[in-house]
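New to this one? Take a look at the model first, and then we'll walk along one of its helices and the charged pairs around it.

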Amino acid sequence: MGNLFGRKKQSRVTEQDKAILQLKQQRDKLKQYQKRITQQLEREREIARQLLRDGRKERAKLLLKKKRYREQLLDKTENQITSLETMVQSIEFTQIEMKVMEGLQFGNECLNKMHQVMSIEEVERILDETQEAVEYQRQIDELLAGSFTQEDEDAILEELNAITQEQIELPEVPSEPLPEKIPEKVAVKASPDWAPRRPAQARPAGADGAARRTRGSPSG
């Protein structure tokens with residue numbers, strides 16, 4: 001348990017990060033010093049003007065010499081600040097380059113492992129096997145295509161034509177139900193045997209007797 005809770009976490013701050021932090025702290029201190037010197041120079045310049053107005057020329061000259069020395073220090077401070085900033089930028093850019101190099105190194109290791117698995121000889125072997133498989137399948141297709149006789153080809157064409165004809169001539173099935181068929185009435189035709197007779201008209205007696213005599217007389 002003691003080792004579990006007493007174990008120190010690994011810090012993610014690198015030596016480069018610490019160096020950059022120190023350089024930035026020194027730069028900030030120099031900027032503060034530069035600001036303070038600049039304020040002093042302005043104040044000493046005003047004091048020199050006042051001394052000249054009071055006729056104290058030598059005192060004003062001595063103060064200006066001191067001011068000049070501070071200005072030289074200010075220039076040196078500016079150069080030091082520039083050097084520190086350049087150093088910080090160089091370290092930060094070097095860190096970026098290191099990240100790029102780490103990425104390239106990792107990528108090269110991955111490529112080397114892949115090349116070990118897939119060497120040129122292995123790729124050529126796979127391509128040859130693929131070509132052989134394609135050629136073998138082509139030969140099988142050719143054998144299957146040539147195994148049918150002319151009779152088989154004719155039967156296949158006949159069946160194909162029959163299926164095509166069925167698709168053309170097959171009527172569409174109506175979706176609505178068909179109406180029921182009503183039986184037609186049988187037409188009654190008049191027949192000479194059972195047709196109703198007209199009432200006989202009365203004939204003259206003389207005419208009827210003459211007709212009978214005519215039928216009974218032998219033909220002359």
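A residue is called buried here when its relative accessible area is under 20%, exposed when that is over 50%, and partly exposed in between. Keep in mind that this is a predicted model.

Let's start with helix α2, which runs over residues 15–53. Its 39 residues reach 58 Å from the first C-alpha to the last, close to the 57 Å expected. Quite a list of its residues is buried, including I20, L23, L30, I37, L41 and L51. What covers them includes α3, residues 57–117. Just after α2 comes G55, with a positive phi of about 85°.

Now for the charges. How many salt bridges does a search of the whole structure find? Ten. Here are three of them:

| Pair | Closest N to O |
|---|---|
| R27 and D28 | 3.3 Å |
| R70 and E44 | 3.1 Å |
| E46 and R49 | 2.6 Å |

The R70 and E44 pair links distant parts of the chain, with R70 in α3 and E44 in α2, 26 residues apart. E44 counts as buried because its relative accessibility is 8%, and the cut-off is under 20%. R27 is buried too, at 19%, while its partner D28 is partly exposed at 34%.

E46 and R49 sit three residues apart in α2, so about one helical turn separates them. E46 is partly exposed at 47%, and R49 is partly exposed at 36%.

Finally, K67, R68 and E71 are linked in a network of salt bridges.

Terms used
Residues numbered from 1 in each chain as written. Predicted model: local features only at pLDDT ≥ 70, side-chain atom pairs only at ≥ 80, totals over all residues. Heavy atoms only, no water. Helix = DSSP H or I, 4+ residues; strand = E, 2+ residues; numbered from the N terminus. Expected span 1.5 Å × (residues − 1). Buried < 20%, exposed > 50% of the residue type's maximum accessible area, 1.4 Å probe, protein only. Contact = heavy atoms within 4.5 Å. Salt bridge = Lys/Arg side-chain N within 4 Å of Asp/Glu carboxyl O.
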